Amino acid sequence: LNWSDLSKSAQKCKISVPSELMSRLHVLQDDDHDKKDSNNNDEEKKKENSNEDERQKLNEYLLNLSDKEFQQKFLMFGVNPDFDANVDKQSKIDALLLIASKNYWRLNWQLHPLQKRVKNWIFVHGKYREYVAEIVNAANSDLKTAKDLFTKFDAKLVKHSDFEDNQLFKFMIENLSAPQLSMPAMKELQEDHNDIVPKLSQQILACNELEQFQGLIKEYEQHLLLHLEKEEQTLVHVWLNLTELQYKKYREYLSW
């Protein structure tokens, strides 16, 4: 996928914060940049200063990469940096930071030549967002209808999570490593599946009072939307850019 084509049709997104970009670009970070001082009243200012320091550090790192190393950063996201000869290095860095941002590929996956790899998974996520919104709406007035809808939805989500845990995630974790895949992010996704979501579901299924159900389902919706977003941010660009051998191996993990 050439940058010259992508830049003409892609949907823009907010550039991720430096720490996220460093992780996604596999740039080594100082051990102490995440440390917090709970007694410091200027915590927000410290965070702003830290972001600016990291932004400068990241920019300097990218400026000092060789042409081959710089190209490899683009290729991590499936993009060929076919810039015109007169484009300066900073403009190229700006382009790299854009395609490396966490929401870029979840918004632009359809532009990738191998978009069929993620098409159905993204479609299902969209349907789940619609389903849970329908349940929240039903809960405004009718507990039984809302609860029946949630019971059906929960069964669908359990099957979907089983596919992810035992096929998709399993393949990713067993066959990929940094910088191609973020293991801390995968751990968070697994914790959602194995702990947080099941506990919320149990509370909702056991709830028999409308006002309490309304609060629980709104909490569930908020968590689910964040979880789906986090899955897409973590996996879409990885899935799209698996090598042919890696994708063949992934197919071996599928149950169909």
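How many positive and negative side chains does the chain have, and how far apart do the centres of the two sets lie? Select the charged groups to see: there are 35 positive and 43 negative side chains, and the two centres sit 5 Å apart. Keep in mind as you click around that this is a predicted model.

**Whole chain**

Next, switch to cartoon and colour by secondary structure. You'll find eleven helices and zero strands, so to speak an α-α-α-α-α-α-α-α-α-α-α pattern when read along the sequence. Show just the C-alpha trace and line up the principal axes: the trace spans about 65 × 55 × 35 Å along them.

**Surface and contacts**

Now turn on the accessible surface. The total for the chain is about 14,800 Å², with 48% of that belonging to carbon and sulfur atoms. Hide the surface again and colour by burial: 41% of the 256 residues count as buried. If you draw a contact map, look at pairs at least 6 apart in sequence; 76% of those contacts join residues at least 24 apart.

**Zooming in on histidine 160**

Select residues 143-175, which make up helix H8, and pick out histidine 160 within that helix. Is this side chain's residue buried or exposed? Histidine 160 has 9% relative accessibility, and because the cut-off for buried is under 20%, it counts as buried.

What is histidine 160 in contact with, once neighbours within four places in sequence are left aside? Select Trp121, Val124, His125 and Tyr128 and show them as sticks: those are the residues in contact with histidine 160.

Technical notes
Residues numbered from 1 in each chain as written. Predicted model: local features only at pLDDT ≥ 70, side-chain atom pairs only at ≥ 80, totals over all residues. Heavy atoms only, no water. Helix = DSSP H or I, 4+ residues; strand = E, 2+ residues; numbered from the N terminus. Buried < 20%, exposed > 50% of the residue type's maximum accessible area, 1.4 Å probe, protein only. Contact = heavy atoms within 4.5 Å. Areas by Shrake-Rupley, 256 points an atom, 1.4 Å probe, with all protein chains shown as cover. Lys, Arg positive; Asp, Glu negative; His and termini not counted. Charge placed at Lys NZ, Arg CZ, Asp CG, Glu CD.
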